[in-house]
Amino acid sequence: MSQTHFEGRAWVLLDKQGRLIEDIDTDQIFHNAHLHITETAQMGGYALGNLEGWKDFPSKAGPGDILVAGRNFGAGSSRQQAVDCFAALGVAAILAPSFGAIYFRNAVNSGFPVLKAPALEERVREGKILSGDILRVDGTKGEAAVPSRGVVFALEPLSRVQTDILRAGNLFLFGKSRPGS
Amino acid sequence: MGQTILEKIIQAHSADAVRPGSVVWMSLDVRSARDFGGPNVVKHYEREYGEARPDPEHTFFTFDLCAPACTLKYADNQQICRDFARKHGLTVFDVDRGIGSHVLIEEGLAGPNTTVVGTDSHMNILGAVGCFGQGMGDVDIAFAFRTGRTWFEVPPTIKVVFKGRPSSAATAKDLALFVLQKLGTRDLANAAVEFEGDAVRDLTLSGRITFCSLVTEMAGIIGFVPEHAPALKDEIKALTGRDFDPFRADKDASYERIIELDASGLPPLIAEPPSPSHVREVRELRGTRIDTAFIGSCTNGRLEDFAAAARLLKGRRIAPDVTLKIVPTTRRVTEELLRTGILQTLFDAGAIVVNAGCGGCADGHTGLTGRGEVQVSTANRNFPGKQGKGSTYLASPAVAAASALAGAVALPEDVR
Ligand code: SF4
C-alpha cells in the first residue's frame, strides 16, 4: 500500500435516516474546546467527538480504515487538528463528494490522502457502500471499488501538486526536495 | 483572455500563468498566526527550519481567540509564540489588540491587491478591502513563515448580481444571510465571488466586512465588492493610512457563472440552528424566548454595529432575565466606543462589555452557551457546538439588540 493506493474497512458517515451527513464542520470533527492540544498522538480520542451518532468513532476506528463522508466535509475553521485526529487513529484516507477548501489543503499538506468522489452520494443511496465493507482505492487512476458488491466508481484523480506532496510525505519534505518551489 | 479580480491579484504575486484550475505558486505579503494554530506553527517551524529567521517585515502573530488567556494552556501557547517572536524580532499584536484580520486592516498591512494568510478561516474577510486573504492550517503557515510562498489552486470566479433595493430595515448581515438562504453552501463552493448591484454598492467598510466574512459560510474562497461609493476610499484611507485602489476585473474576464438575486424589499433575516444557511425572516420567529444576546465577532463587531445596537438600547434596559455580551473586534473600536459614549449607552442598558477579540464566538475569554440556552448572536456560525451547547440564532446587531430588550426574538420596529 502506498499514499495513493489503499484497501481498508469503510466507515460511512450516515445520519439516522441513512443519508450521508453533509457540511460536517471542523467543530463537529474536532471541537474548539480541545484546540489547546498540540500533540498529534493525543488528538485521536476527539475525532468526530461532536458529531451526533458518531461520538464513539475513536473507539471503533482502526488503522487502515477509510472514512466515507458527505459533501463539504471539513467546512469551517482552519484547524489542522481536524485532519491530524484521523491520522492519529491510523485512518488511511477520506472519501467525500467535496471538501472544505482549507480542510482539503491541510490534508494534502500533511500528507493525508483526501479524495473527491462525486458519485459517492448516489452509490450510498443505492446501498452499495456500507460501513464495514472493504473499499479499494486507486488515487492515481481515480477509481474506487467495493469488490464484495461488484461496485466501481470514479474519483477525481489527484492533482499533480497533491500527488507530489503525498509522495514526498508532506509539504515540508516536498519543499526541501525542490528548493525552487 | 482577461482576468477576474482574484486572478489579477494572484498574477501580481506569481510567475506562473494564472487561470482557473491551474495550480500556481504565489508570494505572500503577510503571513500570520494566531493563538490557536500559532504554537503548532512554531513547533513545525523549529522542527523543520531550526534557527532560520522568518522575515520580520512580513511575519506576524495576532492573539485574539482567548484574550487575555483564560486558561493556563492558552497562556502557555501564547507565550510559546511570544518567545519565538522575540527571538526572531517579529511583531506580536498581543491580547490587547483584537481580532487579527481586523488588526491587519487597521495597521494597513492587509491593503488592496495584497496577499495575506493566517491560521484563521475568516481571513477572507479581507476581501472587503480588496485583499486576497486566506485562512490556512498550521503546516501551510509554517511553510509560508519560512518561504514566503504557498501553492494555490486558482478557483473559478462567479459573479453575483443583486437586483433591487433591500428594505431600509435590512443591513449587510441580512444581505449575507439572504445569499446563504438562496445559494447555501453549494452554489459558491470553492469559488471566488464578485458581488455587484445596488444592494452592495453603497456598503460602508464595516458593512463590507460583515458581508465578506460570511463568504466562508457560503463555502466560497473569497468575495469582492468591486463597485463602491467614493466615500469608501476616504473611509479606508482614514483608517489604514493607505490609498484604496483595488484591481478591477478586465472587461473580457471569464466567469464560471453569473447569478442574479432579487433583493427588492429584503426584510431582516435570521439563521436558525444548526446552520448559517437555515435562514428565515425574523418576523416568523418573533417571540422565540432567548436567554442571551451576543454582539461582536469579526462579522459584526465594529463601531457601526454597536452604534446600531445603541440606537435601540439608549435610555432602555434589556429584559431582566437576559444577558447581553458586547465584544468589540479591536482595541481601536473600543476606543471609539468610549469616545462616542456608545459604551456608556450599552453599559447603562445592562450589557456586559468584554475585551476586544473573538470572545463569545469561539471558546475563549467570554464564555459560551450552556445546554438549553437560547442565544441571538451577530457572529457567523451556528453549527452545533460552535458557540456552546445551546441554540444559536444568527442575526444583525439591531435584531440582537431588539431581542435583548424584548427577551425574545424581535424586530427593531418592535422597540418602542
Ligand atoms: S470572531 Fe469567531 S469567526 Fe471571527 S475570527 Fe474570531 S473565532 Fe473566527
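Is B:R289 buried, partly exposed or exposed? In this predicted model, B:R289 has a relative accessibility of 48% and therefore counts as partly exposed, a class that lies between the limits of under 20% for buried and over 50% for exposed.

**Salt bridges**

The side chain of B:R289 meets that of B:D321 in a salt bridge, with an N to O distance of 3.4 Å. B:D321 is likewise partly exposed, at 49% relative accessibility. B:R289 is found in the loop between α10 (282-285) and β14 (292-296) of chain B, while B:D321 is found in the loop between α11 (303-313) and β15 (323-327) of chain B, so the pair ties together parts that are 32 residues apart in sequence.

Over all chains, the count comes to 41 salt bridges. Three of the pairs are set out below, each with the accessibility of its two partners.

| Salt bridge | N to O distance | Acidic residue, relative accessible area | Basic residue, relative accessible area |
|---|---|---|---|
| A:D164 and A:R160 | 4.0 Å | A:D164, 18% | A:R160, 61% |
| B:E48 and B:R47 | 3.0 Å | B:E48, 17% | B:R47, 49% |
| B:R289 and B:D321 | 3.4 Å | B:D321, 49% | B:R289, 48% |

In the chain A pair, A:D164 and A:R160 are both part of helix α7 (residues 160-168), where a spacing of 4 residues separates them by about one helical turn. A:D164 is buried, since its relative accessible area is 18%, whereas A:R160, with 61%, is exposed. In the pair formed by B:E48 and B:R47, B:E48 counts as buried at 17%, while B:R47 is partly exposed at 49%.

Beyond these pairs, a network of salt bridges links A:E22, A:D23 and A:R71 with B:R186.

**Nonpolar cores**

The largest nonpolar core holds 137 residues, and those with the most contacts inside it are A:F57, A:F73 and A:F86 together with B:F162 and B:F195. Helix α6 (residues 172-183) of chain B supplies the largest share of this core, namely 8 residues. A second core, separate from the largest one, has 39 residues, among them B:I326, B:L346, B:A395 and B:A398.

Around A:F57, and leaving aside residues up to four places away in sequence, the contacts comprise A:W11, A:A47, A:L48, A:L67, A:F86, A:L89 and A:V91. One of these partners, A:F86, is itself listed with A:F57 among the residues that have the most contacts inside the largest core.

Technical notes: Residues are numbered from 1 along each chain as its sequence is written. Chains are lettered from A and ligands numbered from 1 in the order in which they are written. This is a predicted model: local features need pLDDT of at least 70, side-chain atom pairs count only at pLDDT 80 or more; totals for chains, interfaces and linings use all residues. Side-chain values use heavy atoms; hydrogens and water are left out. A nonpolar core is a set of buried Ala, Val, Leu, Ile, Met, Phe, Trp, Tyr and Cys residues joined through side-chain atoms within 4.5 Å. Buried means under 20% relative accessible area, exposed over 50%, partly exposed in between (1.4 Å probe, protein chains only). Helices (H or I, at least four residues) and strands (E, at least two) are DSSP runs, numbered from the N terminus. Contact means heavy atoms within 4.5 Å.
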